[in-house]
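These are my notebook entries on one structure. I record what I looked up, topic by topic.

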Amino acid sequence: MFQKLERKFGRFAIPGLMRYVIILYAVGFVIYMIDPMFYYEFLMFDVEKVLHGQVWRLVTFLIQPIDDNLFFLLISLYLYYMIGTSLEQRWGSFRFNLYYFSGIIFNLLAVVVLYVAFYVITGTGFSFPISLEYLNLSLFLAFAVEFSEVRLLLFFVIPIKIKYLAIFYAVIEGYYVVTAVMSGTALGIGTAVACVTALMNFIVFFLTTRNYRKISPAQIKRKRAYRQGVRQGQSYGHAGSHQGRTVITRHRCAVCGRTELDGADLEFRFCSKCDGNYEYCMDHLYTHTHVVREKKEDEGNV
């Protein structure tokens, strides 16, 4: 699905999208410093006011400052810029654009869900102030999945792998959803639904781009043999050249020909949808054309 969308709409992708997002955050901070209430009165997403014609709020809510302290704002801007550009380099501009903009749509939908839930309870709609928390959280979770071994300094001192921070945040959000549902109120259930809705870009993206099909016995045997060979010091892979000498590489992308010698940060995966043992780098894992061999009848059959 993503390959078809990219072939059709890929030319509309915005390269370096995160640069523009960071600029919007900076503009929001300046506006907040000048007049803290201006954003909430004229720019914040408000379902009731959008229904009355203030459609610009569908976009201007994005300039909400993510922090009102300049020091922590700069740290947050750097962190999200690093996360966004890393994801764009891994996925490509189109896929990152699709992920980010779908996150915006789902966050807007979450506010609509809460508006409807409040209307059911009180008979009057109330638009809860939308926050960029879930949009940024979806970026953080995606980064943690793709770069699970990256370490961040917790409290600027303690190094911790980002995957553990992601698990912590996931547990907190899960607890929040469960307690909201257990409250038994329509508002609590609506809040839980809104929380899940706001993170649907993360859920949908990774469920539809990751291969969760059952691994065949042949694949299991091949991977086991490969791991045993590595432990025993055997040379598996392809012949290549490095610094004027012939070496044996364990990985080679079937599209671009790069190996692990071309970069320490390169990752390779086998594609189970291709007929044969075809391995690809992460730049081509989701964009290559699958190899399908047609079954031919044995020669000589009558």
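Entry 1, cavities. I searched this predicted model for enclosed space and found 1 cavity of 30 Å³ or more. I noted a volume of about 40 Å³ for the largest cavity. I then listed the lining of the largest cavity: Arg90, Trp91, Arg95, Met282, Asp283, Tyr286 and Thr287. Sorted by class, I have 3 nonpolar, 1 polar and 3 charged residues in that lining.

Entry 2, tyrosine 280. I located tyrosine 280 in strand 6, which covers residues 279-281. Is tyrosine 280 buried or exposed? I read a relative accessibility of 2%, and because the cut-off for buried is under 20%, tyrosine 280 counts as buried. I next looked at cysteine 253, which lies 27 residues away along the chain; its C-alpha atom is 4.1 Å from that of tyrosine 280. Leaving out residues up to four places away in sequence, I found that tyrosine 280 touches Cys253, Ala254 and Val255, then Glu267, Phe268, Arg269, Cys271 and Cys274, and finally Leu285, His288, Thr289 and Val291.

Entry 3, aromatic rings. I counted 10 aromatic pairs, taking ring centres within 6.5 Å as the criterion. One that I examined is phenylalanine 168 with tyrosine 169: the ring centres are 5.8 Å apart and the planes meet at 65 degrees, so I entered the pair as edge-to-face. For tyrosine 169 I also recorded a relative accessibility of 39%, which makes this residue partly exposed. Elsewhere, I noted that Phe96, Tyr100 and Phe101 are linked into a cluster by ring pairs.

Entry 4, helix 8. I checked the length of helix 8, residues 133-146, against expectation. At 1.5 Å a residue, its 14 residues should span 20 Å, and I found the end C-alpha atoms 20 Å apart, so the two values agree. How many residues of helix 8 are buried? I obtained 12 of the 14, so I describe helix 8 as largely enclosed by the rest of the structure. The buried residues that I listed for helix 8 include the run from Tyr134 through Leu135, Asn136, Leu137, Ser138, Leu139, Phe140, Leu141, Ala142 and Phe143 to Ala144, and also Glu146.

Entry 5, the chain as a whole. I tallied 12 helices and 6 strands in the chain. Of its 302 residues, I found 36% to be buried. Finally, I took the contacts between residues at least 6 apart in sequence and found that 57% of these contacts join residues at least 24 apart.

Notes. Residues are numbered from 1 along each chain as its sequence is written. This is a predicted model: local features need pLDDT of at least 70, side-chain atom pairs count only at pLDDT 80 or more; totals for chains, interfaces and linings use all residues. Side-chain values use heavy atoms; hydrogens and water are left out. On a 1 Å grid over the protein atoms alone, a cavity is a set of points where a 1.4 Å probe fits but cannot get out, and a pocket is an open set with protein on both sides within 12 Å along at least five of seven lines; lining residues have an atom within 4 Å of a point. Grid points are joined across faces, edges and corners, and a volume is the space filled by probe spheres set on the points. Ala, Val, Leu, Ile, Met, Phe, Trp, Tyr, Cys and Pro count as nonpolar, Asp, Glu, Lys and Arg as charged, and the others, Gly among them, as polar. Buried means under 20% relative accessible area, exposed over 50%, partly exposed in between (1.4 Å probe, protein chains only). Contact means heavy atoms within 4.5 Å. Rings of Phe, Tyr and Trp (its six-membered ring) pair if their centres lie within 6.5 Å; planes under 30 degrees apart count as stacked, over 60 as edge-to-face and the rest as tilted. The expected span of a helix is 1.5 Å times one less than its number of residues.
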